[in-house]
Amino acid sequence: MVKGPSDISSGKNPFVVSKSSHIPGKAIVETPGLVFGDPSWPVRKAGMLMTLTESGIELASALGIELVVAHHPIADAANSGGVPLRNYLGLYRIAAIELHEAFHGLHPGIPYLHGHRAFRVDVAYGGVPGNILFVGKPLEDVNRLGDMVERLARFMNYEEEERLLDAERDIRRVRELWETSVAVRAKVLAGDPNSQVGTVLHIFPHTGFTVEHLERAKAEHPEATTVLATISRVPVDHALVAKARELGMHFVVGNSHAVELFENWLPLSYALRDLLPEVEYFVLRERVSATRLEDTGNESIRQYASQMADRYLLKKA
Ligand SMILES: [Fe+2]
Ligand SMILES: [Fe+2]
């Protein structure tokens, strides 16, 4: 963890890394540790969240939370509703800690949830930093691709998420309403649920895993039969799926980024509770739903929006 400004500039902490797409003005430096607040501030209530947002800050404030612990790196204004962090978090007196790459790889939970045990972990496959490849053997009770999907359904509680979404559709009287965890549940893209699971190549497409990487990984592990993509995923017509088929492999998409809270932050929350039992812990879970524009809001707010658009946004002053 970063203990002070000198740890950020010294270049000695390998987890102080710049994340950049080289879009002017949009880079961010990860600084695992206390981002805002003073080490002397008391903490009686802590809020565990994936990404700091204005909704998270507002709920934390309403609950009297004094510290938020975010997984994803915190960028000034971007993670605080467009205003400087110091103004917003300072007003509510909420301290913030971030912990991202420095946490990754500390536990084998993500392979476990997906039904395999990794015997090889490469965090820079093909020399690409952050391009993670796990190679694993299926757990004893995971024989078919369907077992993997059903296992994730149990852990991630698909049944309850679907019922919740159905209830929301009824209450809002909108049939076309989508929610992330239901929309991107695990499924088999190549092979069928009864196909055998063999050695698993577990990849994370958003970290830069390419078709060439898949060819090489299969050459290194010829016994591998299953490609598993998690956190991010690819569509069924993607080149990685085509390559997997060509190599005679099955392809499964597992958990999406939307449930990383359960994969990574629940374990950390339990660890913190053990270390600091006097603190009360809350888990701030983001749930994103989508509706068509014409189904969004009630009649009054739709009228308001269209009037504002008509009178002010579409007319010359
Ligand atoms: Fe993560
Ligand atoms: Fe993440």
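**Exercise 1. Find the residue of β6 that is the bridge partner of valine 69, and then place β5 among its neighbours.**

Step 1. In strand β6, the bridge partner of valine 69 is isoleucine 97. Helices (H or I, at least four residues) and strands (E, at least two) are DSSP runs, numbered from the N terminus. The model is a predicted one, in which local features need pLDDT of at least 70 and side-chain atom pairs count only at pLDDT 80 or more, whereas totals for chains, interfaces and linings use all residues. Residues are numbered from 1 along each chain as its sequence is written, while chains are lettered from A and ligands numbered from 1 in the order in which they are written.

Step 2. Over four bridges, β5 and β6 (residues 95-98) pair in the parallel sense, where two strands pair if DSSP finds at least two bridges between them. Strand β4 (residues 45-49) is also paired with β5 in the parallel sense, again over four bridges, and here leucine 49 has alanine 70 of β5 as its bridge partner.

Step 3. From β4 the chain passes through helix α2 (residues 54-63) to β5, in a right-handed β-α-β crossover. A crossover is right-handed if, with the strands pointing away from the viewer, the path from the first strand over the helix to the second runs clockwise. A right-handed β-α-β unit is likewise made by β5, helix α3 (residues 85-92) and β6.

**Exercise 2. Work out the order of the strands in the open sheet, and find which strands lie at its edges.**

Step 1. The open sheet is formed by five strands in the order β3-β6-β5-β4-β14, with mixed pairing. Its edge strands are β3 (33-36) and β14 (280-283), each of which pairs on one side only.

Step 2. From one strand to the next the twist averages 30°, and α2 lies across β4, β5 and β14, running at about 160° to β4. For such values, axes are lines fitted to C-alpha atoms, for helices over the stretch in contact, and angles run from 0 to 180 degrees between N-to-C directions.

**Exercise 3. Decide which way the residues of β5 point, and describe the nonpolar cores.**

Step 1. From β5 (residues 67-70), Leu67 and Val69 point one way and Val68 and Ala70 the other way, and all are buried. A residue is buried if 20 or more other C-beta atoms lie within 10 Å of its own, exposed if 12 or fewer, and partly exposed in between, with C-beta atoms placed from the backbone.

Step 2. The largest nonpolar core has 36 residues, and those with the most contacts inside it include Leu133, Phe251 and Val252. Such a core is a set of buried Ala, Val, Leu, Ile, Met, Phe, Trp, Tyr and Cys residues joined through C-beta atoms within 7 Å. Helix α5 (residues 145-156) gives the largest share of this core, five residues. Apart from it lies another core, of 24 residues, with Val35, Ala46, Val69 and Ile94 among them.

Step 3. Leaving aside its neighbours within four places in sequence, valine 252 is in contact with residues including Leu145, Met148 and Ala186, where contact asks for C-beta atoms, placed from the backbone, within 7 Å.

**Exercise 4. Explain why arginine 172 counts as partly exposed.**

Step 1. Arginine 172 is part of helix α6 (residues 158-172).

Step 2. Arginine 172 counts as partly exposed because it has 15 C-beta neighbours inside 10 Å.

Terms used. Contact = placed C-beta atoms within 7 Å.
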